[in-house]
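Please read the following briefing alongside the sequence and the coordinates. It takes up confidence, fold, cores and one loop residue in turn.

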Amino acid sequence: MRKVLLLALPLALAACSSEPAEPESADDFASRIGQNGEALDPAQRDPDAPNTANPAPPSGADLTQLQKLGDIGGVDLGPRDGGCTLMVGKDEMIIAGAMNDGAIPGKAVVRVGDSLTMVDAEVGGLDAIRNGTTFTGEGFTISVAPAAGDQQRRPANVTVRDAAGQTQSYSGNWICS
């Protein structure tokens, strides 16, 4: 009997460890991207991965090379009624948001040069974000062109252009809420 229990214990532990992880709730996601308007406790942040956005990219950064966003819990995109995310594979590369008011431009956050940087959308509100727009940051622009339609998830092409005219293209999915 004792040998059976000893053999069964590792199998039971293995079965417990293979349970799927709990999916992230909408509230957890909103908190992670700063939608609730409250800054996260600085003690919980990884000091090696800054999660607040700067108005300008770091000096000397290659502005055409978007990087995976990572932790953006301290980023404030301001008030918004919805937004979109560019996913390239499994990586979030752009998160944008705007109000439903077409007279108000939206905002987005990207990571360039290992730093989160805020960029401004053209006027057009949430509809412009969903249908594709151009974001402008200090020294670079990001043009998002999703496929036609109104599906929540659409293929999209993104072109990043720096002030010197250098460009880089990305393809992924433009996922909007």
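The points below begin with the basis of the model and then go through its architecture and packing.

This is a predicted model, in which local features need pLDDT of at least 70, side-chain atom pairs count only at pLDDT 80 or more, and totals for chains, interfaces and linings use all residues. Residues are numbered from 1 along each chain as its sequence is written, and side-chain values use heavy atoms, with hydrogens and water left out.

**Confidence**
- The mean pLDDT (the predictor's confidence in each residue, from 0 to 100) is 81 for the protein, and 72% of its residues reach 70 or more.
- Residues 1-21 have pLDDT below 50 and, beyond near neighbours in sequence, make zero contacts in the model, a contact being heavy atoms within 4.5 Å.
- Residues 35-50 also have pLDDT below 50, but this stretch has 15 contacts beyond near neighbours in sequence.
- Where pLDDT is low, the predicted coordinates should not be read in detail.

**Fold**
- The protein contains three helices and eight strands, taken as DSSP runs (H or I, at least four residues, for helices; E, at least two, for strands) and numbered from the N terminus.
- Along the sequence these elements follow the pattern α-α-β-β-β-β-α-β-β-β-β.
- The eight strands close into an antiparallel barrel in the order E1-E2-E3-E4-E5-E6-E7-E8, where pairing requires that DSSP finds at least two bridges between two strands.
- Strand E5 (residues 134-137) pairs with E6 in the antiparallel sense over four bridges, and Thr136 has Thr141 in E6 as its bridge partner.

**Cores and burial**
- Buried residues (under 20% relative accessible area, with exposed meaning over 50% and partly exposed in between, for a 1.4 Å probe and protein chains only) make up 35% of the 177 residues.
- The largest nonpolar core (buried Ala, Val, Leu, Ile, Met, Phe, Trp, Tyr and Cys residues joined through side-chain atoms within 4.5 Å) has 26 residues, of which Leu66, Ile94, Phe135, Ile142 and Trp174 touch the most other members.
- Elements that each supply at least two residues of this core include helix H3 (125-131), strand E2 (91-98) and strand E8 (167-176), and E2 gives the largest share, four residues.
- Another core, of eight residues, lies apart from it and has Ile72, Val75, Leu77 and Ile95 among its members.

**A loop residue**
- Ala163 lies in the loop between E7 and E8 and counts as exposed because its relative accessibility is 72%.
- The C-alpha atoms of Ala163 and Phe140 are separated by 5.7 Å, although these residues are 23 residues apart along the chain.
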